[in-house]
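Trainee: I am new to this structure and should like to understand the terms used to describe it. May I put some questions to you?

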Amino acid sequence: MDKFKFELGEQFKLSADFAPAGDQPKAISELVDGIKRGKNAQTLLGVTGSGKSFTIANVIQKIQKPTLVVVHNKTLAAQLYNEFKAFFPENRVEYFVSFYDYYQPESYLPASDQYIEKDSHINEYIERMRLSATASLMSRRDVIIVASVSCIYGLGNPDNFTGLGFEIEVGQKISRKEVMLKLLEAQYERNDIELMSGRYRVKGDTIDLVPGYDRDIIRVEFFGDEIEKVFLIDKGSGEKLEELKHYFLFPARHFVVPEEKTIETIELIKNELKSRLPELGVIESHRLKQRTNYDLELLENIGFCKGIENYSRHFDGRSEGEKPFCLLDYFKNDFLVVVDESHQTIPQFNGMYHGDRKRKETLVEYGFRLPSALDNRPLKFDEFEKYLDKENVIFMSATPNEYERKKSKKIVEQIIRPTGLVDPEIEVHGIEGQMQHILTEIAKITKRGERVLVTTLTKKLAEEVSDFFASKKIKSRYLHSEIKTLERTELLRQLREGKFDVLVGINLLREGIDLPEVGLVAIFDADKEGFLRDQKSLIQIIGRAARNSASKVIMYADKTTRSMKGAIEETKRRREIQVEYNKKNNITPKTIIKPIEEQKIIIQDTKHIPLAEKKRLVPQLEVEMKAAAEKLDFELAINLRDKIAKLKQEMSKA
């Protein structure tokens, strides 16, 4: 990772092997003009496959503003992150999503008198990326953050995050002890045995540390009370990568507080506890007193406690009910907000606060938390809207809701695809005999080397369909909500690569999955009107087949609903616009060619693999494990070995 310096003069430099085409030049021009004219909210109504991300990349280059791209799910966030990294290789493109692989929030169930302690597993890789995102925002302007809705959750005060960072510079008059004290205040942990992100070790006149947002080592060598040399060291090999003149080190956590502020906060917490105890019953009072005093003891001794974020109102100096700091506060003034798949993302923002509030009110009522814990929360929707009203905003969707339409000063259409690809043909087939019919269709698609997406209404049906395919010797997987963030991306990569041919899922297949290898999208229960089968949802599902020139969509239904009719008619309208453009410009539609990334992780989750497929997969993984061992890639070999053992265990229980 690049070293951080305070350099505010960088320019966004777009890198692409192609120029804007189709509707893109018009859309770019209109959006940029709207921003310059002060139209702070606009909507880019772009069909799937029309290159909306490339349009936004061009807008960013022209307006030269830090940009926050928010989306409603982690899979799409990962895809956009990779796209923008490719567009802006010389600039900072960061990834900010929830860092929990597993999260069980703290809660209390009064009916059964059951307290559930917070339980979570933090993904250290994603935590490092989150810290990298905020460190980039604090140090430069050429930054694009791709984030999920977690960007409106409480985060530490950006002033503290910057204030507790410090410069390490060759020739600087500072003792080794002073640097160690600064590291402790910035929440770095000393560990002379194992050096990881957020830790440091001391050997003689040398301090080795790994920033919370990096993997490489910063080595600081002292001569007396002066910094003599600073090196960037490769953590794996120990090789010196670069000799540095200076390095600005940011804290290892987002929730950091100066020592004097901690002392002041401890008094505020004590005062709140004192005033709260008389309001509670005997049991609740004892419970709250015991818990809070334990936290206070930790804060007094080490400046940190588990669940410190519950006291964030006092640390931040906020008044009761005042909004918490969040990622948006780390942006300087005058930035661009892009709300991708806005018809899904905006409703998610709208619903975040109330669920969190209800759970915490119960904890406060029964003495598990102080009332100030209620202010450790996501933003209310009207608080989030204030950012949108103040900054330049582009809502982006093929099917924008009424909210975006009303909010926007301008709606820019992007219907024509530069590739000439037309929206897929849609076939409606009766439910009777649908399984035999889809088997025939899958055989046609896989014969020409393409993939199939199947979307169902329920998790149970998705699992049953996936098992049915496996029993017919079709290589299939099931994409379910329990698969970890990075593993979902890897699963989609494996589909593109041809490790399996059919992916079955529920609504996870709707937005933002960019798979040019898909030749067929099958929609079961298309005539079941509702959230997953309304007109907008159907249009989004149809869009998954819009990146392949020979693809089609099959709706399995016994009747044509109003939503089906609307989706089919809108798809036809868009087809006609594209076909006319193709004829006028003598364009032959071509399937999008998109490189497939190398494998980065091993998917340890096995729930998505049907039993029949597991039996065929084990021998294949054993071959891969031996090959990895022969190449001395022991980490990969160990991961494969563990997965094989897990599969064998599951097969023995079946």
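Trainee: Which residue just after α14 takes a positive phi?

Mentor: The residue is Lys 473, with a phi of about 65°. Please bear in mind throughout that this is a predicted model.

Trainee: How many residues does helix α14 have, and what span is expected of it?

Mentor: Helix α14, residues 459-471, has 13 residues. From first C-alpha to last it reaches 18 Å, close to the 18 Å expected at 1.5 Å a residue.

Trainee: Which residues of α14 are buried, and what puts them on the same side?

Mentor: The buried residues are Ala 462, Val 465, Ser 466, Phe 469 and Ala 470. They cover an arc of only 140° around the axis, and therefore lie on the same side of α14. The elements that cover these buried residues include α13 (434-447), β21 (451-455), β22 (476-479), β23 (502-505) and α18 (611-630).

Trainee: Which residues of helix α7 are buried, and which are exposed?

Mentor: Thr 262, Thr 265, Ile 266, Ile 269, Glu 272, Leu 273 and Arg 276 are buried in α7. Their arc around the axis is only 130°, which puts them on the same side of the helix. On the other side of α7, Glu 260, Ile 263 and Lys 274 are exposed.

Trainee: What do the buried residues of α7 pack against, and what is the reach of this helix?

Mentor: They pack against α8 (282-302), α9 (312-316) and α10 (342-365). Helix α7 itself (residues 259-276) has 18 residues and reaches 26 Å from its first C-alpha to its last, close to the 26 Å expected.

Trainee: Why are α2 and α3 called oblique to each other?

Mentor: Two packed helices are described by the angle between their axes and the distance between the axes. The axes of α2 (residues 52-63) and α3 (residues 74-87) cross at roughly 50° and come within 11 Å. Angles under 35 degrees count as roughly parallel, and 65 to 115 as roughly perpendicular. The angle of roughly 50° belongs to neither class, so α2 and α3 are oblique. Their crossing is right-handed.

Trainee: Which residues meet where α2 and α3 are in contact?

Mentor: From α2, Ser 53, Phe 54, Ile 56, Ala 57 and Ile 60 take part. They meet Leu 80, Glu 83, Phe 84 and Phe 87 of α3.

Trainee: Why is Gln 64 called partly exposed?

Mentor: Buried means under 20% relative accessible area, and exposed means over 50%. Gln 64 has 23%, so Gln 64 counts as partly exposed. This residue is in the loop between α2 and β2 (67-70). Its phi is near 55°, a positive value in a residue other than glycine.

Trainee: How do you know that Gln 187 is buried?

Mentor: The relative accessible area of Gln 187 is 13%, which is under the cut-off of 20%, so the residue is buried. Gln 187 lies in the loop between α6 (176-185) and β10 (189-190). Although not a glycine, Gln 187 has a positive phi of about 70°.

Trainee: What makes Ile 411 partly exposed, and which residues does it touch?

Mentor: Ile 411 has a relative accessible area of 34%, in between the cut-offs of 20% and 50%, and is therefore partly exposed. The residue lies in strand β19 (residues 410-414). Not counting residues up to four places away in sequence, Ile 411 touches Thr 43, Leu 45 and Arg 405.

Methods: Residues numbered from 1 in each chain as written. Predicted model: local features only at pLDDT ≥ 70, side-chain atom pairs only at ≥ 80, totals over all residues. Heavy atoms only, no water. Helix = DSSP H or I, 4+ residues; strand = E, 2+ residues; numbered from the N terminus. Expected span 1.5 Å × (residues − 1). Buried < 20%, exposed > 50% of the residue type's maximum accessible area, 1.4 Å probe, protein only. Arc of directions from axis to C-beta. Contact = heavy atoms within 4.5 Å. Axes fitted to C-alpha atoms, helices over the stretch in contact; angles between N-to-C directions. Parallel < 35°, antiparallel > 145°, perpendicular 65-115°, else oblique. Left-handed = near helix turned anticlockwise from the far one by under 90°.
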